[in-house]
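Dear colleague,

I am handing over the structure that we spoke about, and you will find it just below. Please keep it open beside this message while you read, since the notes that follow go through it part by part.

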Amino acid sequence: MKMGAHQKKPVDSYVSFVLLALITIVMAMEVIARYIFNDSFRFASELSRYLFIWFTFISASYAITEKTHIRIEAFMKLWPEKFHPYIKLLGNVLWFFFSVFIAYIGFQYSVNMLQNTTNVSSAMKIPMGFIYLSIPIGYALMALRLLQVEYKNYKETIKNVRGG
């Protein structure tokens, strides 16, 4: 779903950019502190790891928007061209239900982690449930993006059928 000149990029693209920039800044600070000042920030490695986890799940939803997820194209070549749209639809439907399932399970797990106040990160003492919330949020965003992609595909199909 390439964005036209009149369309804005989705918010997850900006969030991904900010997360990646923060990872870069934190790691650069750590390198400078360690090699120039012979000191280290206790939280840098942990913060970078947790930012990267969030970056991964948020960026996965953005990748759906940009159609950059890895797919097994060899499977498509086994079928005649006329079946390709249906196979892609089936793949996206299965992916959607998988994403909803993981979002649901991930949310339950995150809530359980937040209720147990002893599950905190070692250096920053952040409740681990906040880190695990990246899973349900990322997968819920993926499910949303899949719906958007299929809606756009549906509109294009209708437009092509009507000859427009």
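How many residues apart in helix 1 are Glu30 and Arg34, and about how many helical turns separate them? Before the answer, please keep in mind that this is a predicted model. Glu30 and Arg34 are 4 residues apart in helix 1, so they are separated by about one helical turn. The two residues form a salt bridge, in which the closest N and O atoms are 2.7 Å apart. Their surroundings can be told apart by accessibility: Glu30 is buried, with a relative accessible area of 7%, whereas Arg34 counts as partly exposed at 44%.

**Salt bridges**

The structure holds 3 salt bridges, and the pair just described, Glu30 with Arg34, is one of them. Another is made by the side chains of Lys152 and Glu156, with 3.1 Å from N to O. Lys152 and Glu156 both lie in helix 6, where they are 4 residues apart, which is about one turn of the helix. Lys152 has a relative accessible area of 28% and is therefore partly exposed, and Glu156, with 35%, is partly exposed as well.

The salt bridge between Arg145 and Asp12 also has 3.1 Å from N to O, and it links distant parts of the chain, since Arg145 belongs to helix 6 and Asp12 to helix 1, with their positions 133 residues apart in the sequence. When you look for this pair, expect to look inside the protein cover: Arg145 is buried, with a relative accessible area of 8%, and Asp12 is buried too, with a value of 2%. Both values fall in the buried class because that class takes in residues under 20% relative accessible area.

**Pockets**

What is the volume of the largest pocket, and which residues lie nearest its centre? The volume is about 630 Å³, and the pocket is lined by 22 residues, of which Pro85, Lys88, Asn92, Glu150 and Asn153 lie nearest the centre. The elements that give two or more residues to this lining are helix 2 (44-66), helix 4 (84-115) and helix 6 (134-161), and helix 6 gives the most, with 8 residues. Sorted by class, the lining of the largest pocket has 9 nonpolar, 7 polar and 6 charged residues.

The second largest pocket holds about 350 Å³ of space. It is lined by 14 residues, and those closest to its centre are Arg71, Ile72, Ile87, Lys88 and Gly91. Two or more residues of this lining come from each of helix 3 (73-76) and helix 4, with helix 4 providing the largest share, 7 residues. By class, the lining of the second largest pocket has 8 nonpolar, 3 polar and 3 charged residues. It is worth finding Lys88 on your screen, because that residue is listed among those nearest the centre of the largest pocket and also among those closest to the centre of the second largest pocket.

**Surface and loops**

On the surface, Phe17, Val18, Leu22, Ile25, Met29 and Phe41 make a nonpolar patch of about 550 Å². One of these residues, Ile25, has its place in helix 1 (residues 11-35), and it counts as partly exposed, with a relative accessibility of 48%.

Which residues other than glycine have a positive phi, such as Asn38 with a value near 50 degrees? Asn38 is one such residue, and it is found in the loop between helix 1 and helix 2, where it is exposed, with a relative accessible area of 69%. Lys125 is another residue other than glycine with a positive phi, in this case near 60 degrees. Its place is the loop between helix 4 and helix 5 (128-132), and at 53% relative accessibility Lys125 counts as exposed.

Lastly, Asn38 can be set beside Ile135, a residue of helix 6 that is partly exposed, with a relative accessible area of 24%. Ile135 and Asn38 are 97 residues apart in sequence, and their C-alpha atoms are 36 Å apart in space.

With best wishes

How values were computed:
Residues are numbered from 1 along each chain as its sequence is written. This is a predicted model: local features need pLDDT of at least 70, side-chain atom pairs count only at pLDDT 80 or more; totals for chains, interfaces and linings use all residues. Side-chain values use heavy atoms; hydrogens and water are left out. Patches are made of residues with over 30% relative accessible area and no salt bridge: like charges are joined within 9 Å, nonpolar side chains (Val, Leu, Ile, Met, Phe, Trp, Tyr) within 5 Å. Accessible areas come from the Shrake-Rupley method with a 1.4 Å probe; for residues, only the protein chains shown count as cover. A salt bridge is a side-chain nitrogen of Lys or Arg within 4 Å of a carboxyl oxygen of Asp or Glu. Buried means under 20% relative accessible area, exposed over 50%, partly exposed in between (1.4 Å probe, protein chains only). On a 1 Å grid over the protein atoms alone, a cavity is a set of points where a 1.4 Å probe fits but cannot get out, and a pocket is an open set with protein on both sides within 12 Å along at least five of seven lines; lining residues have an atom within 4 Å of a point. Grid points are joined across faces, edges and corners, and a volume is the space filled by probe spheres set on the points. Ala, Val, Leu, Ile, Met, Phe, Trp, Tyr, Cys and Pro count as nonpolar, Asp, Glu, Lys and Arg as charged, and the others, Gly among them, as polar.
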